[in-house]
Amino acid sequence: SDRLIFISEWTEEQGQGAVAFADYLDWRELNHTCSGMGAYHDSHQNITDGDIPIRVRSARMTASLVDALGVEPILGRNIKPEDEEGNRVVVLGFDIWNSRYGANDEIIGSSIDLDGIPYVVIGVLPPEFILPTTRNLSHDFDLYFPMPASSRFDPRIVRSYQVLARLKDGTSLEAARGDLGEIAAQLTAEYPDSNTGRSVHLETVHQALFGESGRMVLLVLGAAGLVLLIACANIASLQIARSFKKRKEYAIRATLGANRIRIIRQLMSESILLAAMGGTGAYLMALWSIAILQNIIPPEIPRAGDIQLDTVVFLFSLLVTIISAFMVSFAPALSASRLNLAAVLKEGHRSAGSSPRRMWNRRILVTGQFTLSFILANLSLLLLNSYSSLRNTDPGIESTTTLTMALSLGGPAYRDRSNRMSLYNDLLPGLESLPGVRYVGAASSLPLEGEGPLYPIHTISGGSVEQSDGGLPANLTLVTGDYFEALGIQIIRGRALSLTDMQLSSPFSVTGVVVNQTLAEELWPGEEAIGKQISLRTDSSMPMTILGIAGDVHQRGLESNLEPELFVPYSMLFTRRMFLAIQTEIPPTQILPAVRQLIDSIDPALPVSEVRTMEEIVGTQYTRRAFYTTIIGIFSALALIMAVTGIYGVVSYHVTSRTREFGIRIALGAQGREILSNVIQNTGRMIAFGLVLGFAGIVAISRILSSFLYETNALNALTIVTTTFILITIGMAAALQPALRASRISPLVMLNQE
């Protein structure tokens, strides 16, 4: 799979997009860097055999794609080139074969009904096979059909295919990018109307599928690594303090003949024991919590269900344990191995550790903890700010009481367009008459989940097309009924489309269309768009008058840019798959039984799927970022707790080691506030150095952090100031108790103890 690549078309306006089948055929024929190349497009079918019809996801793919993927079925055979000539055959995915057909080996050669039409099952694919796709990763394909030969006659302006290729051995991605880039330039020269401004975009399958999630996982892993470093620094600081207490023991051992290696080995053994206990406890905790993680991880993160503690994870954990043991033992071992034997054996008990030079390594460790804590805390606040920005982004819809569901009009009964139109003529008014229903509409795609194709928009003036340079690419959404009202999409000027517009329109005669604000401003900046005419063709044979301007909606997700969009009556294209939108006065789920009953009364074989409220759809836009923000926040809290513990331990040990000195100072007339100020100043220096280094670290990685943020500056002044205030506050609070203890030392008690 490391040789598989996605090939997409690329424009400056739209970025990465779907491919025209004609372009794919030219790429496949003319390239010199790919050993195989295939195309497919995803769709949906209704399985109508059995008692309950179900709607499943399907893919139509070329036989060349099967060869490029290199997957072998567990039963039957693969799709062959001759199947593309109209053979009604289908290959089953493992899950649908197991759940719908009971894993029956005898299904090969038998027929199943899809949209009321019999198809012969020729194969079953293995359970581990997943057809790579950049769309809707939450659900794998169930059915695989051969690509119909008629696809090769699609015009180049129709772009709805995904292309996968396998690189030749020894060929780099850069070489393939240059090769296919030359072909794209050649196609632009040959077909300027359809290919001007279009180049190719190549990326590995792994990068395409897991790129965004993979980057976020690496961010989480990096945060976990910082927490581990802080923990190691904390324990190393405690080990140093312990080794100082035992330095006389080490000095006596050295005097009796023990060399440095033996002393270091003893400290290493203790550290390895600590690390082994911690690593074992962590692994056991992971075994216990893996089920919890799988339940809370967002379904939008691909392959989340495959998370497991396997051999690789175990070896990784073992490696981390070994590294941790080395990290927590290095500084103590270095300190113990540099003892001045004569000085240690001569010094008094109460003078232990009173030299400031003996504190430098612990101060460095605490400073490092504050540095890493500053980076983590700042990152946590940045992600929280980014999440807040996303929550405040207007999706362009207002309704929170809208129920949505998908309908797929398959089979011979809906082959005729008049039958599809009749269904919606009956269904929409029937749904609107149900108690508690306000508005009912339907569309080819829902907001935030836009899967609509891009069509070039040409302006018409004086009866002729003005734009003939490829037009402005825009999302095309088919609508009917009270779609805009049902989803709360604002009509800024003019009027919305209605069921009447659908009834009066046909594939060759459209009464009017609605455009969004972005499209209107790009085509007619500073002008009134109502009444203007546009066309999807390079001529004026099919003019469409703009009836209204709709507010912008984030069709491809909240984090996507606003794009030009065109809303046309459903009767213009009569797509089989539509989404119902039903706005209610009562909780949306309460009307679901009545909706199902009405649909069954019109057509019992019509399956209803993807039943969700718009509130749920909007909510999914936040879950992934909320999950990562929460995880990083937890790591940040752990880091702050450990940093506080570290500074408390160092200051407390510092005070204990200087008890005699402070007692003498007070006996000679020093005030308690002077001792308090001395301790606080030493603590402040450690914190200040840590904050300065932490800020430098944030600046150094700001460019990397920017790629993880949404509408948030990586060097946000408010975030940095807030983080600084938090760390100074908790750092000083941690040092306050031992500092007060130092300022209240009784000289009499100290001298009696001495």
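How many aromatic pairs does a search of the whole structure find? The search finds 14 of them. Good morning, everyone. One word of care before I go on: what you see above is a predicted model.

Let me start with two of those pairs. A pair of aromatic rings is described by the distance of the centres and the angle of the planes. For Y40 and F141, the ring centres are 6.2 Å apart and the planes meet at 85°, so we call this pair edge-to-face. Now look at where the two partners come from. Y40 belongs to strand 4, residues 34-47, while F141 sits in the loop between strand 9 (117-124) and strand 10 (143-146), so the pair ties together parts that are 101 residues apart in sequence. Are these two rings buried or exposed? Y40 is buried, with a relative accessible area of 0%, and F141 is buried too, at 5%.

The second pair is Y283 with F314. Here the centres are 5.6 Å apart and the planes stand at 80°, so this pair is edge-to-face. Y283 is part of helix 8 and F314 part of helix 9, residues 311-336, so the contact ties together parts 31 residues apart in sequence. Y283 has 18% relative accessibility and counts as buried; the cut-off for that word is under 20%. F314, at 42%, counts as partly exposed.

Back to Y40 for a moment. Y40 and F141 also join F129 and Y144 in one aromatic cluster. If you have the viewer open, that cluster of Y40, F129, F141 and Y144 is a good place to pause.

Rings can also have a charge over them. The charged end of R60 sits over the ring of F145, 4.6 Å from the ring centre. In a second case, the charged end of R391 is placed over the ring of Y622, with 4.0 Å to the centre.

Next, helices. We have already met helix 8 through Y283. Helix 8 covers residues 260-296, and M285 is found there as well. With 54% relative accessibility, M285 counts as exposed. Which residues form a nonpolar patch on the surface with M285? They are W288, I292 and I296, and the four together have about 470 Å² of accessible area.

Now to helix 19, residues 672-700. Its 29 residues, at 1.5 Å a residue, should span 42 Å, and the C-alpha atoms at its ends are 42 Å apart, which agrees. Which residues of helix 19 are buried? Among them are I675, V679, M686, I687, L691 and I698, and the list also includes N682 and T683 along with glycines such as G684, G690, G694 and G697.

On to charges. The structure holds 15 salt bridges. In one of them, D83 is paired with R77, and their closest N and O atoms are 2.9 Å apart. D83 is buried, at 2% relative accessible area, whereas R77 is partly exposed, at 28%. Another salt bridge joins R556 and E563, with 2.9 Å between the closest N and O atoms. In that bridge the arginine, R556, is partly exposed at 35%, and E563 is buried at 16%.

I want to spend my last minute on E610. This residue is found in strand 24, residues 608-613. Its phi is near 50°, a positive value in a residue other than glycine. The side chain of E610 meets that of R612 in a salt bridge, at 3.7 Å from N to O. Both ends of this bridge are partly exposed: E610 has a relative accessible area of 31%, and R612 has 21%. What are E610 and R612 linked in, together with R55, E449 and R577? The answer is a network of salt bridges.

There is another positive phi to show you, at L448. Its phi is near 75°, and L448 is likewise a residue other than glycine. L448 has its place in the loop between strand 14 (437-443) and strand 15 (454-461). Unlike the partly exposed E610, L448 is buried, with a relative accessible area of 4%.

That is my tour. Thank you for listening, and I am happy to go back to any of these residues on the screen.

Definitions and conventions. Residues are numbered from 1 along each chain as its sequence is written. This is a predicted model: local features need pLDDT of at least 70, side-chain atom pairs count only at pLDDT 80 or more; totals for chains, interfaces and linings use all residues. Side-chain values use heavy atoms; hydrogens and water are left out. Patches are made of residues with over 30% relative accessible area and no salt bridge: like charges are joined within 9 Å, nonpolar side chains (Val, Leu, Ile, Met, Phe, Trp, Tyr) within 5 Å. Accessible areas come from the Shrake-Rupley method with a 1.4 Å probe; for residues, only the protein chains shown count as cover. Helices (H or I, at least four residues) and strands (E, at least two) are DSSP runs, numbered from the N terminus. Buried means under 20% relative accessible area, exposed over 50%, partly exposed in between (1.4 Å probe, protein chains only). The expected span of a helix is 1.5 Å times one less than its number of residues. Rings of Phe, Tyr and Trp (its six-membered ring) pair if their centres lie within 6.5 Å; planes under 30 degrees apart count as stacked, over 60 as edge-to-face and the rest as tilted. A charge sits over a ring if NZ of Lys or CZ of Arg is within 6 Å of the ring centre and within 35 degrees of the ring normal.
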